[in-house]
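Me: Please take a close look at a single helix in this model. I would like to know how its residues are placed and what lies around it.

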Amino acid sequence: MGIFRKANKKLEGLVEGGFGRAFKSSVQPVELAHKLAKEMGDHKTVGVANVYVPNEFDVYLGDEDYAHLASFADSLKVELGNYVTAFARREGWTLVAPPRIELHQDGDLRLGEFGIATRTVSAPAEAPEADAPAVPASPPPAAVVAPGPVLDQTVLYQPSAGAPSGSPAAAAAPRGVLRSRQGDYQLVESVTVIGRSRRCDIVLTDPNVSRQHAEIRRQGDGFMLLDLGSTNGTRVNRRGVRQAVLQHGDRIELGTTELLFERQP
């Protein structure tokens, strides 16, 4: 039984999307942290006074990655929970209950592949004290009720088929660069995060840029730009986009910063 069927059976709710990494490598905790934060932003719910984001995450890992991360799973889950809590607080998002993160083993996944399933689940109500009179529980305000399970919400993150360094396939891997007034940025990673945070791969000082504003991902022989739920949006050639396949000469606008994308031979 594959990951999507398993997640649907266990969680009743999944996440959409996917991206490729250039080479096979084990899943790193920092990669999980960034993608958990991304899933929160991708599946936020706008209430009357708050923006609600998922607080339960089930991470599915292949046998090798699970064996590695399970050796310090308790510490890792605490660290990831602290990360998503702090990230939500910085973005002004609301968690209806403390985050819960669980790791699961899935033998159908290869090294470097992982899946994330998310849900928004309120904390269970506390039982009344024995001496206290029973009072019928009133329903919470509409804006605070956690959304029910949403089908078709599973994301599978998987590496593309890697080729050994120096092989013809590796030599043919796409190369790209972003040019700006601050300098040139080579797109050498499979996923390049752009934003104001110093944790980003490309750090912009523009105050109109969000902390984690956008990503550029290698996909096959090209590059895909994705907005990460930024405050001021992302534009390509003056048009607002959530995602776009980049072409040589495209002009990308993040806040008031303009980047020129170029493919290199």
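Reply: On one side of helix α4, the residues Asp74, Ser75, Val78, Glu79, Asn82 and Arg89 are exposed. Buried residues of α4 are Ala73, Leu76, Leu80, Gly81, Tyr83, Val84, Phe87 and Ala88. These buried residues lie on the same side of α4, because they cover an arc of only 160 degrees around the axis. The exposed residues listed above are on the other side. The model is a predicted one.

What covers the buried residues? The cover includes two helices, α2 (29-42) and α3 (63-70), and two strands, β3 (56-61) and β4 (100-105).

The length of α4 can be checked too. The helix runs over residues 73-91, which is 19 residues, and at 1.5 Å a residue it should span 27 Å. The C-alpha atoms at its ends are 27 Å apart, so the expected span and the model agree. Just after α4 comes Gly92, which has a positive phi of about 80 degrees.

Two of the covering elements, β3 and β4, are also linked to each other by side chains. Arg100 and Glu56 form a salt bridge, with N and O 3.2 Å apart. Arg100 belongs to β4 and Glu56 to β3, so this pair ties together parts that are 44 residues apart in sequence. Are the two partners buried or exposed? Glu56 is buried, with a relative accessible area of 13%. Arg100 is partly exposed, at 25%.

A salt bridge elsewhere in the chain can be read in the same way. Glu253 and Arg235 form one, and their closest N and O atoms are 3.7 Å apart. Glu253 lies in strand β16 and Arg235 in strand β13 (residues 234-236), so the pair ties together parts that are 18 residues apart in sequence. Glu253 counts as buried at 13% relative accessibility, while Arg235 is partly exposed at 22%. Returning to Glu56 and Arg100, salt bridges that share partners join them with Asp58, Lys77, Glu102 and Arg119 into one network.

Some totals put the helix in context. The protein chain has 5 helices and 17 strands, and buried residues make up 44% of its 265 residues. A search of the whole structure finds 15 salt bridges. Of the contacts between residues at least 6 apart in sequence, 66% join residues at least 24 apart.

Notes:
Residues numbered from 1 in each chain as written. Predicted model: local features only at pLDDT ≥ 70, side-chain atom pairs only at ≥ 80, totals over all residues. Heavy atoms only, no water. Helix = DSSP H or I, 4+ residues; strand = E, 2+ residues; numbered from the N terminus. Expected span 1.5 Å × (residues − 1). Buried < 20%, exposed > 50% of the residue type's maximum accessible area, 1.4 Å probe, protein only. Arc of directions from axis to C-beta. Contact = heavy atoms within 4.5 Å. Salt bridge = Lys/Arg side-chain N within 4 Å of Asp/Glu carboxyl O.
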